[in-house]
Amino acid sequence: MIPVKHIDPDDIALYAMQLLPPDEAEEMALHLQHSAEARRVLSEIYSDLSIFAHSAEMHSPPALARQRLMKGVAREKKAVPVDPLAGSYAPRGTVSLFEEEVAKRSFASKVLPWAGWALAAGMAALSVTMYEQQQGLKTTLAANTAKLEVTQSQAELANTLMQTLKDPSAVHFALTSSDLKPPPQGRVTYVQESGSLVLTASNLNALPPYKTYELWLIPVDSPVPIPAGTFHPDARGFATVVLPQLPKGVSAKAFGVTIEDGDGASTPTMPIVLKGTAS
C-alpha cells in the first residue's frame, strides 16, 4: 500500500518543466511510480509542451525570472491537510485525493487557458480586417473626391463659356484679311465686365513649329496692347482661344492678331495679320 499524500496538479507541470526543488522532485518521481492517473496527466503535459516548443522561438530564461516564478509558485501552493483518523493508506479500489482534484480541474485547465488565446487571435484578425476595409474606403473616397473636383472645374468652365457667348452685353469683333482669298478671318466675343473672351478663327495659314499666332486686345484708353492668348491652327486652318486670363473692366477698341516667336511676346510684332473693331 502507498501512503496517501496530496499532490497539487500544478506540481506535475513544474516537474515536467524541471522546476521543482530536488527533494520535491524525488517525491514526485516516487508518486508517479504508483499513480497511473498522475502518469497520464504528466504525459499530457509533455505532449502540450512538445507542441509549444515546436511553435515558439526558444529562449533561455534569465535566472531572476526563474526565481520570481518559484516564489510565485510557493505563494500559490496551498497545503491540503490529511485527516489522520482516515488512516495512512488508501484502500484499494477507492479514488485518491489527487485523482479527485485532477477530475475537478481537468476541464477548466484544458479549456480556459486556450480560450483566452483564441479570443485574442480572433480580435487580432478582426482588427486587421477592419483596418484593411478602412484603408480601402479612404482610397476610394480620395479617388472619388478628385474626380468630383475635376468634374466641377469642367462644369464651371463650360458655364462661363456659355455665359460669355450668350451675354447680351458682349461685343463682337470680326477679324479679316483682304490680301488673301479665301481670306483668314476670326470672330471675337468679349465681355468687358468679367474679362471673358472667346476667339474662333478659320482659313489660317500653317506656321513653322517655332512660330505662333497671338491675339491682342487694344484698349480704348491706352495705346499699349494687352496679350490675349496664343494659338496654332489645325490642318484645316481652324483655331480657338477660350477664356484667356484678362483683367476685368477693360474697354476694348479693337483686337488684332500677329505672328510671334515661340510662346508669344509681350508686345506685338508687326505686321498685324488680322484686325477688327466692334461690329
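**Exercise 1. Determine the exposure class of K211 and describe the salt bridge in which K211 takes part.**

*Solution.* Step 1. K211 has a relative accessible area of 23% and is therefore partly exposed; the class lies between buried (under 20% relative accessible area) and exposed (over 50%), with a 1.4 Å probe and protein chains only. The model is a predicted one, in which local features need pLDDT of at least 70 and side-chain atom pairs count only at pLDDT 80 or more, whereas totals for chains, interfaces and linings use all residues. Residues are numbered from 1 along each chain as its sequence is written, and side-chain values use heavy atoms, with hydrogens and water left out.

Step 2. The side chain of K211 meets that of D261 in a salt bridge, at 2.4 Å from N to O. This term denotes a side-chain nitrogen of Lys or Arg within 4 Å of a carboxyl oxygen of Asp or Glu.

Step 3. The pair links distant parts of the chain, since K211 belongs to strand β4 (residues 211-219) and D261 to strand β7, 50 residues apart. Strands (E, at least two residues) and helices (H or I, at least four) are DSSP runs numbered from the N terminus.

**Exercise 2. Place I259 in the structure and list its contacts outside the local sequence.**

*Solution.* Step 1. I259 is found in strand β7, which spans residues 252-261.

Step 2. With a relative accessibility of 29%, I259 is classed as partly exposed.

Step 3. Apart from neighbours within four places in sequence, the residues in contact with I259 (heavy atoms within 4.5 Å) are L207, K211, T212, Y213, T269 and V273.

Step 4. E214 is 45 residues from I259 along the chain, yet the C-alpha atoms of the two are separated by 6.2 Å.

**Exercise 3. Account for the salt bridge between R40 and E37, and state which network includes these residues.**

*Solution.* Step 1. The side chains of R40 and E37 meet at 2.4 Å, N to O. Side chains of opposite charge can pair when their charged atoms come close.

Step 2. Both residues are in helix α3 (residues 36-55); because they are three residues apart there, about one helical turn separates R40 from E37.

Step 3. R40 is partly exposed at 34% relative accessibility, and E37 is partly exposed with a relative accessible area of 21%.

Step 4. E37, R40 and E44 are linked in a network of salt bridges.

Step 5. The whole structure holds four salt bridges. One of them joins R236 to D234, whose closest N and O atoms are 3.5 Å apart. R236 is exposed, at 70% relative accessible area, while D234 is partly exposed, at 33%.

**Exercise 4. Describe the surroundings of strand β3 and its pairing with β2 and β6.**

*Solution.* Step 1. Strand β3 covers residues 196-202, and five of its seven residues are buried, so the strand is largely enclosed by the rest of the structure.

Step 2. Strand β2 (residues 185-191) pairs with β3 in the antiparallel sense over seven bridges; two strands pair if DSSP finds at least two bridges between them. G186 stands opposite A201 of β3.

Step 3. Four residues lie between β2 and β3, which form a hairpin, and G195 in the turn has a positive phi of about 70°.

Step 4. β3 also runs antiparallel to strand β6 (residues 239-242), to which four bridges join it. In β6, V241 is the bridge partner of L199, and V242 is that of V198.

Step 5. In a regular strand the side chains alternate between the two faces of the sheet. Along β6, A239 and V241 point to one face and are buried, whereas T240 and V242 point to the other and are not.

**Exercise 5. Characterise the nonpolar surface patch that contains M123, and then the chain overall.**

*Solution.* Step 1. M123 lies in helix α5, residues 97-166, and is partly exposed, with a relative accessible area of 48%.

Step 2. L119, M123, L126 and M130 form the patch, with about 430 Å² of accessible area together. Patches are made of residues with over 30% relative accessible area and no salt bridge: like charges are joined within 9 Å, and nonpolar side chains (Val, Leu, Ile, Met, Phe, Trp, Tyr) within 5 Å. Areas come from the Shrake-Rupley method with a 1.4 Å probe, and for residues only the protein chains shown count as cover.

Step 3. The chain exposes about 19,300 Å², of which carbon and sulfur atoms supply 60%. Of its 279 residues, 24% are buried.

Step 4. The chain has five helices and eight strands.
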